[in-house]
Amino acid sequence: MASKASYRFFDLTLSRRTQVSPSLVCFTFTGPELDRMAAHAPDQRVKLFFPQSDAARTALNDVADQGLAWYDAYRALPEARRAPMRTYTIRALRSEPAEVDIEFVLHGDNGPASRWAMTARPGDRLTIIAPDASFEGESVGFEWKPPRHLRRLLIVADETALPAATGILETLNTQPSRPRVEALLEVPLSADIQPIASTAHLHWLPRDSQPGCAHGELLARAVRDIDLREVIEAMGGKHPPSSHDDAPDIDVQPLWETAELEENDAFYAWIAAESKAAVAIRRYLTDECGLPKRNVTCMGYWRLGKVVG
């Protein structure tokens, strides 16, 4: 008997759109089987499909019937019938009523997802592949896995990772013992700064406050202003730091490196941003500061100038 997949396809109908900020919009979806959807962590990844024709929607339904072989079936479709696919984060999942929230960054008419987001109205339909709540095996599709005895946390995120970062901060609020948290949050506009109920030290970095800054440049500057020497020394960081850089070639393969934390680790760095910026920050922390790589999760959520599904 074939193994059961940890995820499944869901049909979604847009219920409402909420403008979170000038650059961020929250879409709330309903669906007939949302009670079977799960979100295992605040950075839970899902795949959204944007069928642009009835033929593409029919083909996507056929793909969904392939179970574990869905991706091969999807890639085998002719381009005209292959619905564009993009990765997003579940911002919230509710059972009463059954709804799921997903936030989009608005960045113009330069791709199928952003194009859809610009014009989407209640009643519009999408398809999502998301965790199946009935699956009893190991949960997948997320990287927020803090150690039990975490005492200090560094969050580095640009606007594409803001929904996940915000979810992490909200999750920490529910814990009786909270670590010391610094969160560096880069956004396009000062008007994108939003209230977040958190005891963390929030550093909002709007790019419009310093015209001419490249994407991720403010994050790279801000991380250097945080004194990590004491925590790195306590963890046995290398002194002098290693000059060896084993970061991947982000023009060849996506940047996706996860921490290998132990239960008693006290420090964790969670980085999610444009790939080039994320590599620079990871390189500073590990190669210049001497932070052990096993304490760093570093993810390129997107690559400037590249289309990533």
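# Briefing: two domains and their interface

Y301 sits in strand β12, which spans residues 296-302. The model is predicted. It splits into domain 1, residues 7-131, and domain 2, residues 152-302. Between the two domains, about 1,200 Å² is buried.

**Overall build**

- The secondary structure amounts to seven helices and 12 strands.
- Along the principal axes, the C-alpha atoms occupy a box of roughly 60 × 50 × 40 Å.
- The radius of gyration is 20 Å, which agrees with the value near 19 Å for a compact globule of 309 residues.
- A total of 20 salt bridges is found in the structure.

**Domain interface**

- The C-alpha centres of domain 1 and domain 2 are 27 Å apart.
- Domain 1 gives 12 residues to the contact, and domain 2 gives 18 residues.
- Of the area buried between the domains, 61% lies on carbon and sulfur atoms.
- Which three residues supply the most of the area that domain 1 buries against domain 2? They are P42, D43 and R91, with 38% of that area.
- The interface holds one salt bridge by the rule applied.
- The side chains of R91 and E170 form a salt bridge, with N and O 2.8 Å apart.
- Four residue pairs are in polar contact across the interface, with both residues at pLDDT 80 or more.
- On the side of domain 1 that touches domain 2, the elements giving two or more residues are β1 (7-21), β4 (85-95) and β5 (98-105).
- That side of domain 1 is made up of five nonpolar, three polar and four charged residues.

**Around Y301**

- What does Y301 touch, leaving aside residues up to four places away in sequence? The contacts are D43, T89, T160, A161, A164, W256, W270, A272 and A273.
- D43 thus appears twice: as a contact of Y301, and among the three residues that lead the buried area of domain 1.
- Y301 and I90 are 211 residues apart along the chain, yet 14 Å separates their C-alpha atoms.

**A link between distant loops**

- R148 and E263 form a salt bridge, and their closest N and O atoms are 3.4 Å apart.
- This pair joins distant parts of the chain, 115 residues apart.
- R148 lies in the loop between β6 (125-131) and β7 (152-157).
- E263 lies in the loop between β10 (256-257) and β11 (267-274).

**A cis peptide bond**

- Where is P97 found? P97 is in the loop between β4 and β5.
- The peptide bond joining E96 and P97 is cis, with omega about -5°.
- The strands on either side of that loop, β4 and β5, are among the elements that give two or more residues to the side of domain 1 touching domain 2.

Definitions and conventions: Residues numbered from 1 in each chain as written. Predicted model: local features only at pLDDT ≥ 70, side-chain atom pairs only at ≥ 80, totals over all residues. Heavy atoms only, no water. Domains from an automatic or database assignment. Contact = heavy atoms within 4.5 Å. Buried area = accessible area lost by both parts, 1.4 Å probe. Salt bridge = Lys/Arg side-chain N within 4 Å of Asp/Glu carboxyl O. Polar contact = N/O pair within 3.5 Å; in protein donor to acceptor, adjacent residues only side chain to side chain. Helix = DSSP H or I, 4+ residues; strand = E, 2+ residues; numbered from the N terminus. Nonpolar A, V, L, I, M, F, W, Y, C, P; charged D, E, K, R; others polar. Rg over C-alpha atoms; globule rule 2.2 N^0.38 Å.
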